[in-house]
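Hi everyone, thanks for coming. Let's have the structure up on the screen, and then I'll walk you through it.

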Amino acid sequence: MDRAEKAVDYLNADYGVRSWLLTRDHKRIAILYLLSITVMFMLGSVFAVLIRLELLTPAGDVVQADTYNKLFTMHGIVMIFFFLVPSIPAVLGNFLLPLMIGARDLAFPRLNLLSWYVYMVGAAFTLWAVITGGVDTGWTFYTPYSTTASHTNVLATAVGIFITGFSSILTGVNFIVTIHTMRAPGMTWFRLPLFVWAHYATSLIMILGTPVIAITILMLGLERAFGIGIFDPALGGDPILFQHLFWFYSHPAVYIMILPSMGVVSEIITCFARRRIFGYSFIAASSLAIAVFGFLVWGHHMFTSTQSVYAAMVFSVLSFAVAVPSAVKVFNWTATLYRGSITFEAPMLFALGFIGLFTIGGLTGLFLAALGLDVHVHDTYFVVAHFHYIMVGGALMGYLGAIHFWWPKMTGRMYPEAPARISAALVFVGFNLTFFPQFILGYLGMPRRYHAYPEEFQVLNVMSTTGASILGVGYLVPLCYLIWSLWRGRVAEANPWGAAGLEWRTNSPPPTENFAATPIVEEEAYAYPLKEPEVV
Amino acid sequence: MSSRTSTVAHQFDDAEQQRNASTLGIWVFLVTEIMMFGGLFTAYVLYRSSYPEAFAAASHHLNATLGAANTIVLLSSSLSMALAVRASQVGSRWGTVAGLVVTIVLGCIFLGVKGYEYASKFEENLVPGPFFDLPGAEPQSELFFSLYFAMTGLHAVHMVIGVGVLATLVVMALRRRFDADYHNPVEIGGLYWHFVDIVWIYLFPLLYLLGRH
């Protein structure tokens with residue numbers, strides 16, 4: 001490629017801080033999000049490191065119990081609300097959605113920029129809460145602990161989460177409207193990439209669930225700040241109502257985290273197996289089914305919270321039902337791999353890792369949905385291991401796979417393949433070593449949220465901390481070589497993977513308007529096998 | 001047609017696509033609003049059914065006359081809003097401005113009356129918190145007033161935002177930004193205003209009228 005004729009793209013179209021802070025280009029906003037959530041991820045990781053250090057020994061010696069409470073609370077809040085929920089939608093969804101459907105931008109570019117500022121204001125409140133002493137209620141903010149008992153910065157954190165919720169809502173509204181109204185000619189609903197379907201389902205959860213957590217947090221804040229006691233038992237208020245409202249959002253929020261990753265896996269698997277997806281419409285429909293079922297299972301977080309046994313039975317059955325669309329996806333991915341000409345580039349390693357870890361996370365979810373078994377493992381490390389398999393093993397693996405897969409499109413540079421494969425292996429091994437022992441710990445009865453534990457649990461905890469160190473290295477390595485690749489990476493052509501999808505038909509990185517001319521779509525998604533990419 | 005291309009943002013192909021997108025956008029946003037108020041309505045339904053006597057007794061301390069007057073004010077404002085939208089559709093600039101200004105004035109009257117009601121609750125020690133004092137009442141009556149302030153307060157915040165939106169529309173109309181071909185912002189502002197109005201249509205009977213003899 002002739003470097004002298006470097007095309008104008010979204011990165012070099014304009015220069016200066018101002019051109020970034022006032023941009024309305026979905027691709028630049030995606031980069032702003034990428035930087036912000038990376039900082040939040042590192043912050044959340046620091047808390048995780050301290051938690052694992054404390055749990056290296058049975059005695060509570062590294063930190064006091066109060067500090068430990070704050071550590072796991074801040075770890076959860078930062079990782080969930082400020083990293084996982086925005087991770088794939090706000091970075092890759094933002095960047096790719098218009099490209100994938102052949103649009104010039106999202107429907108509401110100014111709202112998109114506003115969503116980033118809203119996120120930043122929310123993050124600022126939360127950081128302020130961290131700096132001035134942290135919160136110790138657990139990320140769940142259960143009342144009356146969060147309203148009357150806790151003497152920590154509940155209010156500042158609640159305000160931060162309340163505000164950040166609106167960034168989710170704005171993103172969700174923007175995605176839904178964009179997918180409905182901005183598709184290129186010929187891009188029918190059943191030609192949409194499954195990444196887009198996954199984001200459509202995610203956006204539905206964002207717009208239906210997030211306002212409920214917003215109002216719940218608002219009620220909590222009113223009670224704490226002004227004594228407007230809606231959950232106060234002294235007035236006849238019901239703290240369990242808080243749990244219902246909280247989980248009405250926070251269970252579907254798990255699907256906000258995992259559905260985009262599932263979309264990513266569908267893209268990566270097809271590309272590196274050179275096969276069209278098996279069961280396109282089933283995968284698309286299963287995303288919507290997960291979004292719908294997701295709203296009907298929140299009670300499985302409350303099997304031990306004085307819920308009526310009949311309600312619990314219904315929630316249990318519905319929770320089992322979520323396994324069906326999840327399994328549909330896993331089986332279809334497996335069938336796509338069958339007889340594919342598979343290559344193992346780093347994104348594929350992350351995607352395959354996702355399938356394995358998500359399957360374990362999903363199957364252990366069935367243990368927890370079973371009424372009798374849940375009483376035994378409720379609030380133990382079994383639960384901790386289960387949701388980390390979904391959120392870290394699933395969502396984060398998908399995120400890393402996506403970052404690698406679309407890195408050439410986002411930056412115009414290839415990442416170095418060898419260290420990327422090593423990091424994928426490190427993450428997979430480190431992750432399993434960290435969290436698999438926790439299943440056993442939980443089953444043996446080690447409760448979550450304690451900073452000290454009986455001595456017989458030490459071996460498994462040492463394994464877990466060792467795994468966490470490997471996992472940490474697995475995250476640091478990509479940070480180094482991805483930054484390195486910005487200057488020294490091989491220049492990427494438009495379609496380095498020979499992938500299908502409109503985003504690969506434009507330059508890497510794309511121009512500000514995405515396409516020289518609006519593309520016209522004449523074939524289904526995943527029209528593999530493609531010819532070898534032409535060398536320009 | 002070419003003179004109108006300036007009102008079509010760069011990401012859209014034509015005015016119709018832009019119109020469809022913004023209309024769908026406001027409807028999707030209103031769905032989130034329904035879910036948001038839904039949390040409060042859920043709490044209300046739960047507590048009302050748990051403590052019907054306490055709630056009925058507490059609701060007697062609300063001024064139903066003022067509430068009814070405010071309902072009439074708000075319904076009238078929806079009429080003037082609808083007239084403003086109609087005027088914008090037929091390209092009547094002054095009709096649009098007049099409709100919007102009347103709507104703003106009615107909205108401010110509503111907020112004024114609401115403010116007076118709040119003030120009298122402070123005087124009567126009916127604001128939840130350390131100074132709440134309702135002699136002879138059950139403790140759940142404070143729960144009623146908690147919900148009263150949370151629900152009407154959130155509604156009032158939406159009213160204030162609505163007045164701001166309408167004021168922006170007035171400025172835009174005066175600057176000749178709308179005509180018979182391009183008036184979508186007025187319609188969107190109207191949909192938001194009607195939504196806020198409809199929320200009150202539920203709040204008024206639930207808080208002021210239910211259980212009253």
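**A walk through chains B and A**

Let me start with N125(B), which counts as exposed because it has 12 C-beta neighbours inside 10 Å. By exposed I mean 12 or fewer other C-beta atoms within 10 Å of a residue's own, while buried means 20 or more and partly exposed lies in between, with C-beta atoms placed from the backbone. N125(B) lies in the loop between α4 (93–123) and α5 of chain B. Its phi is positive, about 55 degrees, although N125(B) is not a glycine.

Before I go on, a word on what we are looking at: this is a predicted model, where local features need pLDDT of at least 70, side-chain atom pairs count only at pLDDT 80 or more, and totals for chains, interfaces and linings use all residues. Residues are numbered from 1 along each chain as its sequence is written, and chains are lettered from A and ligands numbered from 1 in the order in which they are written.

Now chain B as a whole. How many helices and strands are there in chain B? There are six helices and zero strands, so from the N terminus on the order is simply α-α-α-α-α-α. Helices here are DSSP runs of H or I with at least four residues, strands are runs of E with at least two, and both are numbered from the N terminus. Taken along the principal axes, the C-alpha atoms of chain B fill a box of roughly 70 × 30 × 30 Å. Of the 213 residues in chain B, 38% are buried. Among contacts in chain B between residues at least 6 apart in sequence, 76% join residues at least 24 apart; a contact means that two C-beta atoms, placed from the backbone, lie within 7 Å.Let's zoom in on one pair of helices. The axes of α2 (residues 52–59) and α5 (residues 140–174), both of chain B, come within 8 Å and cross at roughly 60 degrees. Axes are lines fitted to C-alpha atoms, for helices over the stretch in contact, and angles run from 0 to 180 degrees between N-to-C directions. That crossing makes α2(B) oblique to α5(B). For the angle words, under 35 degrees is roughly parallel, over 145 roughly antiparallel, 65 to 115 roughly perpendicular, and the rest oblique. The crossing of α2(B) and α5(B) is right-handed, meaning that the near helix is turned clockwise from the far one by less than a right angle, whereas anticlockwise would be left-handed.

Who meets whom there? On the α2(B) side we have A54(B), F55(B), A57(B), A58(B) and S59(B), and they meet Q140(B), S141(B), F144(B) and F145(B) in α5(B). By class, the residues of this contact are six nonpolar, three polar and no charged. Nonpolar covers Ala, Val, Leu, Ile, Met, Phe, Trp, Tyr, Cys and Pro, charged covers Asp, Glu, Lys and Arg, and the others, Gly among them, are polar.

Which residues of α2(B) are buried? They are A54(B), F55(B), A58(B) and S59(B). These residues lie on the same side of α2(B), because they cover an arc of only 125 degrees around the axis, the arc being that of the directions from the helix axis to the C-beta atoms. What covers them includes α1, α5 and α6 (184–209) of chain B.

On to where the chains meet. In this model, 30 residues of chain B are in contact with 33 residues of chain A. The elements giving two or more residues to that side of chain B are α1 (15–50) and α5, and α1(B) provides the largest share, 16 residues. That side of chain B divides into 18 nonpolar, eleven polar and one charged.

E142(B), in helix α5 of chain B, has neighbours in both chains: leaving out residues up to four places away in sequence, it touches G229(A), L235(A), P128(B) and F132(B). Is E142(B) buried or exposed? It is buried, because 27 other C-beta atoms lie within 10 Å.

Finally, a few stops in chain A. The axes of α4 (residues 109–131) and α6 (residues 154–181) of chain A come within 7 Å and cross at roughly 165 degrees, so α4(A) and α6(A) are roughly antiparallel to each other. Their crossing is left-handed, and the contact has 15 nonpolar, ten polar and no charged residues.

The loop between α4 and α5 of chain A holds F141(A), which has a positive phi of about 55 degrees although it is not a glycine. F141(A) is buried, with 26 other C-beta atoms within 10 Å. P144(A) is placed in the loop between α4 and α5 (145–149) of chain A, and a cis peptide bond with omega of about -5 degrees joins T143(A) to P144(A).

My last stop is W406(A), in helix α13 (residues 381–411) of chain A. W406(A) counts as buried because it has 25 C-beta neighbours inside 10 Å. Leaving aside its neighbours within four places in sequence, W406(A) is in contact with L92(A) and L96(A). Thanks for listening!
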